[in-house]
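Visitor: I would like a close look at one part of this model, its nonpolar interior. Please describe what builds it, and then place it among the neighbouring loops and strands.

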Amino acid sequence: MTALSVKVDGVKYSDDVEPRMLLVQYLREKLGKVGTVIGCDTSNCGACTVHLDGTSVKSCAVLAVQADGGEVRTIEGLANGSELHPVQKAFHECHALQCGYCTPGMIMQSVSLLSENPNPTEHEIREGLEGNLCRCTGYQNIVAAVQSAAAEMSGKSLATAGAAPADETGSLR
Ligand code: FES
Ligand code: FES
């Protein structure tokens with residue numbers, strides 16, 4: 001067992017974990033943070049995306065001990081109390097989900113994308129989210145949600161941001 005000390009969603013945790021334990025397992029099984037989901041376990045789908053020290057990572061591709069001394073943010077720490085993060089709000093308002101399984105990872109990756117590029121083009125959004133798979137293929141509304149969140153976060157209206165219509169499905173590319 002290896003000692004692990006990590007801050008998750010603002011709370012500090014100290015645990016002894018097996019060196020082979022994945023970060024996603026630690027979050028779900030030890031901390032009960034089941035909002036972070038496992039879609040593939042092989043770093044393909046992005047459903048398990050969280051932020052580690054401010055950068056989005058696929059938590060099934062990171063060992064828990066690699067987060068030692070670091071700070072993790074999960075979907076469960078994204079809202080400010082009862083106030084949803086603008087990206088969460090936009091996913092809700094744009095109906096950017098069907099079964100919802102990919103949603104936590106999509107939102108975490110979108111937040112990360114917007115922190116690096118606050119005003120992405122549609123192409124940049126699709127490129128930024130290409131590591132996250134939606135098996136319901138609801139990509140069109142996901143892109144519209146990111147555009148809407150970008151507009152809200154930069155104080156622009158949707159009309160001036162040129163958001164795409166949110167009524168189609170399709171692939172990211
Ligand atoms: S569960 Fe981690 S990428 Fe699919
Ligand atoms: S909404 Fe079902 S996998 Fe994306």
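**The nonpolar interior and its surroundings**

Guide: The model is predicted; its mean pLDDT is 92, and 90% of the residues reach 70 or more. The exception to keep in mind is the stretch 159–170, where the pLDDT is below 50. In the model this stretch makes 21 contacts beyond near neighbours in sequence. Where pLDDT is low, predicted coordinates should not be read in detail, so those contacts are left unread here.

Some overall figures help to place the interior. The protein has 173 residues, and 44% of them are buried. Its secondary structure consists of 6 helices and 5 strands, and from the N terminus on the order of elements is β-β-α-β-β-β-α-α-α-α-α. Among contacts with a separation of 6 or more, 57% join residues that are 24 or more positions apart. The accessible surface is about 8,500 Å², and carbon and sulfur atoms account for 49% of that surface.

Now the interior itself. The largest nonpolar core contains 24 residues. Within this core, the residues that touch the most other members are V87, F91, M106, I107, I142 and V146. Three helices each give at least two residues to the core: α2 (86–93), α3 (103–116) and α5 (139–153). Of the contributors, α5 supplies the largest share, with 7 residues.

V146 can serve as a viewpoint. Leaving out residues up to four places away in sequence, V146 touches F91, S110, L113, L114, I125 and L129. F91 appears again here, as another of the residues with the most contacts to core members. A separate core of 16 residues lies apart from the one just described; V17, Y26, L27 and V50 are among its members.

Two loops next to the core helices deserve attention. One runs between β5 (71–73) and α2, and H85 is found in it. Is H85 buried or exposed? H85 has a relative accessibility of 12%, and because the cut-off for buried is under 20%, this histidine counts as buried. Setting aside residues up to four places away in sequence, the contacts of H85 are L78, A79, V111 and M153.

The other loop connects α2 and α3, and C102 lies in it. C102 is also buried, at 11% relative accessibility. With residues up to four places away left out, C102 touches L133 and C134. L133 is 31 residues from C102 along the chain, yet the two C-alpha atoms are separated by 6.9 Å. C134 is buried too, with a relative accessible area of 7%, whereas C99 is exposed, at 57%. Contact between C102 and C134 should not be taken for a bond, as the search of the whole structure finds 0 disulfides.

That leaves the strands. β1 (residues 2–8) pairs antiparallel with β2 (residues 11–17) through 7 bridges; within this pair, A3 has D16 in β2 as its bridge partner. β1 also runs parallel to β5, joined by 2 bridges, and here K7 is partnered by E71 of β5. V17, named above in the separate core, falls at the end of the range given for β2.

The hairpin of β1 and β2 has 2 residues between its strands, and D9 there takes a positive phi near 50°. D9, in the loop between β1 and β2, also meets distant parts of the chain. V72 is 63 residues from D9 in sequence, but the C-alpha to C-alpha distance is 6.3 Å. Leaving aside neighbours within four places in sequence, D9 contacts K33, V72, R73, T74, E76 and G77.

A second hairpin is formed by β3 (residues 49–52) and β4 (residues 55–58), antiparallel and joined by 4 bridges. H51 is partnered there by S56 in β4. This hairpin also has 2 residues between the strands, and D53 takes a positive phi near 50°. V50, another member of the separate core, lies within the range of β3.

Definitions and conventions
Residues numbered from 1 in each chain as written. Chains lettered and ligands numbered in written order. Predicted model: local features only at pLDDT ≥ 70, side-chain atom pairs only at ≥ 80, totals over all residues. Heavy atoms only, no water. Core = buried A, V, L, I, M, F, W, Y, C linked by side-chain atoms within 4.5 Å. Buried < 20%, exposed > 50% of the residue type's maximum accessible area, 1.4 Å probe, protein only. Contact = heavy atoms within 4.5 Å. Areas by Shrake-Rupley, 256 points an atom, 1.4 Å probe, with all protein chains shown as cover. Disulfide = S-S within 2.5 Å. pLDDT = per-residue confidence, 0-100. Pairing = 2+ DSSP bridges.
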